[in-house]
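The following exercises are to be worked with the sequence and the model side by side. Each task is followed by a solution in steps.

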Amino acid sequence: MHVETNNEAKTEIKRCKNCNLPSNYPGIKFDKDGVCSICKKKEKVYKYKGIEELKKEVQKILKNSDENREYDCVVGYSGGRDSSYLLYFAKNVLKLRVLAITLEHDFMPEQTKKNIENLANKLGVEVKFIKNNALNKSGRQCVRAWANKPDPAMCATFCTGCRYGIKKL
């Protein structure tokens with residue numbers, strides 16, 4: 001378990017050794033090994049049974065839905081490694097008809113949008129960009145707060161691109 005000190009409040013914040021959630025997360029508890037109750041709950045609920053079992057489960061879900069649907073699933077697609085792989089996996093491994101959704105915001109570079117569109121096109125997946133004004137507002141607030149009082153702990157509130165940029169500075 002990682003422990004840090006909040007200098008303003010002089011309180012000790014413990015963090016889960018698996019997922020890094022802090023001890024001030026609502027309702028969280030830690031076991032003697034420093035693993036949080038949320039991770040423990042997931043361990044009990046989700047047991048991976050292999051790719052073939054996953055395909056069967058997906059097909060079972062799809063059989064119970066509207067056969068005239070245009071898409072089998074929607075993937076939140078940021079253009080990062082994780083969502084790009086998930087998009088590939090859903091399309092090519094699970095053989096699903098996928099709609100990719102990207103939340104567009106004012107901090108997103110034009111090249112990122114092009115990269116998102118390029119990979120979606122290569123995979124044969126439609127991508128829709130949805131303007132997210134709430135993200136614009138919170139992003140500006142994060143940047144303002146960090147600029148007024150820089151703190152390494154606040155970097156976790158930034159996207160990967162922003163964290164990388166801050167680290168380079």
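**Exercise 1: Helix 3**

In helix 3, the residues Ser83, Ser84, Leu87, Phe89 and Ala90 are buried, where buried means under 20% relative accessible area, exposed over 50% and partly exposed in between, with a 1.4 Å probe and protein chains only. Helices (H or I, at least four residues) and strands (E, at least two) are DSSP runs numbered from the N terminus. This is a predicted model, in which local features need pLDDT of at least 70 and side-chain atom pairs count only at pLDDT 80 or more, while totals for chains, interfaces and linings use all residues. Residues are numbered from 1 along each chain as its sequence is written, and side-chain values use heavy atoms, with hydrogens and water left out.

Task: Determine what covers the buried residues of helix 3, and compare the reach of helix 3 with the expected value.

Solution.

Step 1. The cover over the buried residues of helix 3 includes helix 2 (51–63), strand 3, strand 4 and helix 4; contact here means heavy atoms within 4.5 Å.

Step 2. From first to last C-alpha, the 13 residues of helix 3 reach 17 Å, close to the 18 Å expected at 1.5 Å a residue. The expected span is 1.5 Å times one less than the number of residues.

Step 3. Leu86 also belongs to helix 3 (residues 81–93), but Leu86 counts as partly exposed because its relative accessibility is 43%. Between the C-alpha atoms of Leu86 and Gly76 there are 9.1 Å in space, and the two are 10 residues apart in sequence.

Step 4. After helix 3 comes Lys95, with a positive phi near 60°.

**Exercise 2: Aromatic pairs**

Task: Find how many aromatic pairs the whole structure holds, and describe the geometry of the rings of Tyr85 and Tyr88.

Solution.

Step 1. The search of the whole structure yields 2 aromatic pairs. Rings of Phe, Tyr and Trp (its six-membered ring) pair if their centres lie within 6.5 Å; planes under 30 degrees apart count as stacked, over 60 as edge-to-face and the rest as tilted.

Step 2. The ring centres of Tyr85 and Tyr88 are 5.9 Å apart and the planes stand at 40°, so this pair is tilted. Tyr85 and Tyr88 are separated by about one helical turn, because they are 3 residues apart in helix 3.

Step 3. Tyr85 and Phe89 form a tilted aromatic pair, with 5.9 Å centre to centre and 40° between the planes. Both residues lie in helix 3, 4 residues apart, about one turn of the helix.

Step 4. Tyr85, Tyr88 and Phe89 thus form one aromatic cluster. Within this cluster, Tyr88 is partly exposed at 37% relative accessibility, whereas Phe89 is buried with a relative accessible area of 16%.

**Exercise 3: The parallel sheet**

Task: What are the order and pairing of the open sheet of 3 strands, and which strands are its edges?

Solution.

Step 1. The order of the open sheet is 3-4-5, and the pairing is parallel. Two strands pair if DSSP finds at least two bridges between them.

Step 2. Strand 3 (73–76) and strand 5 (126–131) are the edge strands, each pairing on one side only. Neighbouring strands of the sheet are turned by 30° against each other on average, direction ignored; axes are lines fitted to C-alpha atoms, for helices over the stretch in contact, and angles run from 0 to 180 degrees between N-to-C directions.

Step 3. Strand 3 pairs with strand 4 (residues 98–104) over 4 bridges, and Cys73 stands opposite Val98 in strand 4. Strand 4 is joined to strand 5 by 6 bridges; Ala100 has Val127 as its bridge partner in strand 5, and Thr102 stands opposite Phe129.

Step 4. Strand 4 is mostly covered, with 6 of its 7 residues buried. From strand 3 the chain crosses through helix 3 to strand 4 in a right-handed β-α-β crossover. A crossover is right-handed if, with the strands pointing away from the viewer, the path from the first strand over the helix to the second runs clockwise.

Step 5. Strand 4, helix 4 and strand 5 likewise make a right-handed β-α-β unit. Helix 4 (residues 110–123) lies across strand 4 and strand 5, at about 155° to strand 5.
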